[in-house]
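Reader: I would like a close look at one part of this protein, the place where helices pack against each other towards the end of the chain. Please walk me through the contacts there, and then set that part against the rest.

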Amino acid sequence: SSLVQTSAQRSCRRVPVLIPQALGFDNMRGRSVSCLLPISAAAFVLYASGAFTSLPSARRKLSVHRSAEGMCVGNCLQPDGSWKPTGEIEIQGPEEEAMADSVWQAFKSQYTGAAERGIYMDTPVGENDIKYRWRRLRDTFGVSSEEAVEIMETDALPLVIDADYVAKTFNAMIEGSSREKALEIVQRHPGILAAGPDVKGNMLQADVASNAINAARSLSKMFR
């Protein structure tokens with residue numbers, strides 16, 4: 001209150017004539033005007049400081065801000081072939097976001113050029129796109145965040161594919177075998193998810209191929 005009073009008093013000394021005239025008090029006696037000056041100045045200070053901002057409006061803004069912070073938004077493939085940021089998925093907390101950061105780092109190490117450009121062929125691969133697809137992939141597989149990170153560290157190819165397409169392919173793999181077998185193949189060879197739903201009728205070959213690719217990968221690591 002002392003700050004407001006001080007500001008009001010200073011404002012009175014600076015504008016002894018302009019405020020009464022602006023308010024239409026030209027004919028008022030000097031005493032009445034001098035009483036109104038501190039009140040007018042105080043109101044001006046409070047208004048400038050935002051004290052009169054409506055509480056519902058402020059709360060709505062805060063709610064929107066928190067909602068935006070708690071969601072990860074990514075580009076999704078549209079029926080017309082374009083990409084739009086229509087995908088949203090919840091960020092589960094700081095620890096989960098830290099794992100999403102590690103996935104982004106893994107993607108950058110495997111697809112450096114695409115990460116720098118923000119595009120892989122015609123697919124948006126910005127940081128939020130990669131984090132969004134990783135979260136969708138984790139939920140599609142029904143695995144933990146840690147397991148989903150390990151799969152992408154093996155091969156981040158599924159992150160350059162639309163999340164819905166990945167889900168359709170994985171569900172087709174389940175129909176062609178079982179959830180356990182489908183996940184086992186994906187863990188050995190994540191790139192299988194680029195095959196599309198037609199992989200459903202070729203699960204035996206997919207299983208054999210995933211074993212061969214995984215063995216070759218392990219052998220390659222031995223000679224690094």
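Author: What follows starts with the helix packing and then moves outward to the aromatic residues and a loop.

The model is a predicted one. The chain has 11 helices and four strands.

Start with the two helices themselves. Two packed helices are described by the angle between their axes and the distance between the axes. Helix H10 covers residues 179-188, and its axis comes within 8 Å of the axis of H11. The two axes cross at roughly 35°. The crossing of H10 and H11 is left-handed. On the H10 side, the contact is made by Lys-181, Ala-182, Glu-184, Ile-185 and Arg-188. On the H11 side, Met-203, Ala-206, Asp-207, Ser-210, Asn-211, Asn-214 and Arg-217 take part.

Take Asp-207 next. Asp-207 belongs to helix H11, which spans residues 203-222. Is Asp-207 buried or exposed? Asp-207 counts as buried because its relative accessibility is 17%, and the cut-off for buried is under 20%. Leaving aside residues up to four places away in sequence, Asp-207 touches Lys-181, Glu-184, Ile-185 and Arg-188. Those four residues are also listed on the H10 side of the helix contact.

Now bring in helix H9. Helix H9 runs over residues 163-176. Met-173 lies in H9. Met-173 counts as buried, because its relative accessibility is 0%. Which residues does Met-173 touch, not counting residues up to four places away in sequence? They are Ser-178, Ala-182, Ile-185, Val-186, Ile-192, Leu-193, Val-199 and Met-203. Ala-182 and Ile-185 are on the H10 side of the contact with H11, and Met-203 is on the H11 side. So Met-173 of H9 touches residues from both sides of that contact. Met-173 and Gly-201 are 28 residues apart in sequence, and their C-alpha atoms are 8.4 Å apart in space.

Ile-174 is found in H9 as well. Beyond residues up to four places away in sequence, Ile-174 touches Arg-179 and Ala-182. Ala-182 is also touched by Met-173. Ile-174 and Met-203 are 29 residues apart in sequence and 9.2 Å apart in space, C-alpha to C-alpha.

The aromatic residues come next. The structure holds four aromatic pairs. One of them is formed by Phe-141 and Phe-170, with ring centres 4.7 Å apart and planes at 50°, so this pair is tilted. Phe-141 is in helix H7 (residues 127-141) and Phe-170 is in helix H9. The two residues are 29 apart, and their pair links distant parts of the chain. Phe-141 is buried, with a relative accessible area of 1%. Phe-170 counts as buried too, at 0% relative accessibility.

Another pair is that of Phe-107 and Tyr-111, with ring centres 5.2 Å apart and planes at 15°, so this pair is stacked. Phe-107 and Tyr-111 are both buried. One aromatic cluster takes in Trp-104, Phe-107, Tyr-111 and Tyr-120.

Ala-115 has contacts with that cluster. Ala-115 sits in helix H6, residues 112-117. Ala-115 is buried, at 15% relative accessible area. Not counting residues up to four places away in sequence, Ala-115 touches Trp-104, Phe-107 and Lys-108. Trp-104 and Phe-107 are members of the cluster. Ala-115 and Ile-130 are 15 residues apart in sequence and 9.5 Å apart in space, C-alpha to C-alpha.

A charge also meets a ring. The charged end of Arg-138 sits over the ring of Trp-134, 5.3 Å from the ring centre.

For contrast, look at a loop. Met-121 lies between strand E3 (119-120) and strand E4 (123-124). Met-121 counts as exposed, at 74% relative accessibility. Its phi is near 60°, a positive value in a residue other than glycine.

Last, the whole chain. Buried residues make up 36% of the 224 residues. Among contacts between residues at least 6 apart in sequence, 57% join residues at least 24 apart. The accessible surface comes to about 13,500 Å², and carbon and sulfur atoms account for 55% of that surface.

Notes
Residues are numbered from 1 along each chain as its sequence is written. This is a predicted model: local features need pLDDT of at least 70, side-chain atom pairs count only at pLDDT 80 or more; totals for chains, interfaces and linings use all residues. Side-chain values use heavy atoms; hydrogens and water are left out. Buried means under 20% relative accessible area, exposed over 50%, partly exposed in between (1.4 Å probe, protein chains only). Contact means heavy atoms within 4.5 Å. Accessible areas come from the Shrake-Rupley method with a 1.4 Å probe; for residues, only the protein chains shown count as cover. Rings of Phe, Tyr and Trp (its six-membered ring) pair if their centres lie within 6.5 Å; planes under 30 degrees apart count as stacked, over 60 as edge-to-face and the rest as tilted. A charge sits over a ring if NZ of Lys or CZ of Arg is within 6 Å of the ring centre and within 35 degrees of the ring normal. Axes are lines fitted to C-alpha atoms, for helices over the stretch in contact, and angles run from 0 to 180 degrees between N-to-C directions. A crossing is left-handed if the near helix is turned anticlockwise from the far one by less than a right angle, and right-handed if clockwise.
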